[in-house]
Amino acid sequence: MLAPLLSRMIGNLDTVGELERKTADLERIVAGMLGENGKRKLWSQIRSSDILALRKTLCLSQTKFGRLTDATRFSVGNWEHAKTIPHPGQRACIFEIAELSLATLQRILEKLRD
């Protein structure tokens with residue numbers, strides 16, 4: 001389900017520079033979601049700004065992001081406004097989306113640079 005969304009997002013990027021900027025944005029988001037030891041902060045609160053930045057970077061609506069994380073649009077909005085936090089399973093899903101998106105963009109960039 002994530003692959004078509006990433007393909008659509010990448011298809012909207014006109015230059016390698018735009019792809020590099022998008023990759024750098026995702027790298028910052030993933031770094032913010034990781035602790036100092038580089039491990040996922042599954043049991044701590046993910047910052048609402050990280051969730052919003054991830055969703056916007058991936059060009060996803062709250063509804064589509066909610067579908068990926070098994071949440072409603074309203075839940076996603078509440079996460080982004082720091083009214084509630086995702087459940088542990090949803091947090092794991094958010095990490096997975098961020099990490100897979102970043103890895104995919106990095107692979108594409110490597111291929112374009114070769």
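Colleague: Which residues does Trp-79 touch, leaving out those up to four places away in sequence?

Modeller: In this predicted model, Trp-79 touches Ser-48, Ile-51, Phe-65, Thr-69, Ala-71, Thr-84, Ile-85, Pro-86, Gln-90 and Ile-94. Contact here means heavy atoms within 4.5 Å.

Colleague: What makes Trp-79 part of a nonpolar core?

Modeller: A core residue must be buried, of a listed type such as Trp, and joined through side-chain atoms within 4.5 Å. Trp-79 is buried in helix H5. Trp-79 is also among the residues with the most contacts inside the largest nonpolar core, which has 23 residues. H2, H3, H4, H5 and H6 each supply at least two residues of this core. The largest share, eight residues, comes from H6.

Colleague: How do you know that the buried residues of H5 lie on the same side?

Modeller: The buried ones are Val-76, Gly-77, Trp-79 and Glu-80. They cover an arc of only 160° around the axis, so they sit on the same side of H5. These buried residues pack against helices H3, H4 and H6.

Colleague: Why are H3 and H5 called oblique to each other?

Modeller: Their packing angle is about 125°. Roughly perpendicular runs from 65 to 115 degrees, and roughly antiparallel needs over 145. The angle of H3 and H5 fits neither range, so the pair counts as oblique. Their axes are 7 Å apart.

Colleague: Which residues make that contact?

Modeller: H3 brings Ser-48, Ile-51, Leu-52 and Arg-55, while H5 brings Val-76, Trp-79 and Glu-80. By type, four are nonpolar, one is polar and two are charged.

Methods: Residues are numbered from 1 along each chain as its sequence is written. This is a predicted model: local features need pLDDT of at least 70, side-chain atom pairs count only at pLDDT 80 or more; totals for chains, interfaces and linings use all residues. Side-chain values use heavy atoms; hydrogens and water are left out. Buried means under 20% relative accessible area, exposed over 50%, partly exposed in between (1.4 Å probe, protein chains only). Helices (H or I, at least four residues) and strands (E, at least two) are DSSP runs, numbered from the N terminus. The arc is that of the directions from the helix axis to the C-beta atoms. Axes are lines fitted to C-alpha atoms, for helices over the stretch in contact, and angles run from 0 to 180 degrees between N-to-C directions. Ala, Val, Leu, Ile, Met, Phe, Trp, Tyr, Cys and Pro count as nonpolar, Asp, Glu, Lys and Arg as charged, and the others, Gly among them, as polar.
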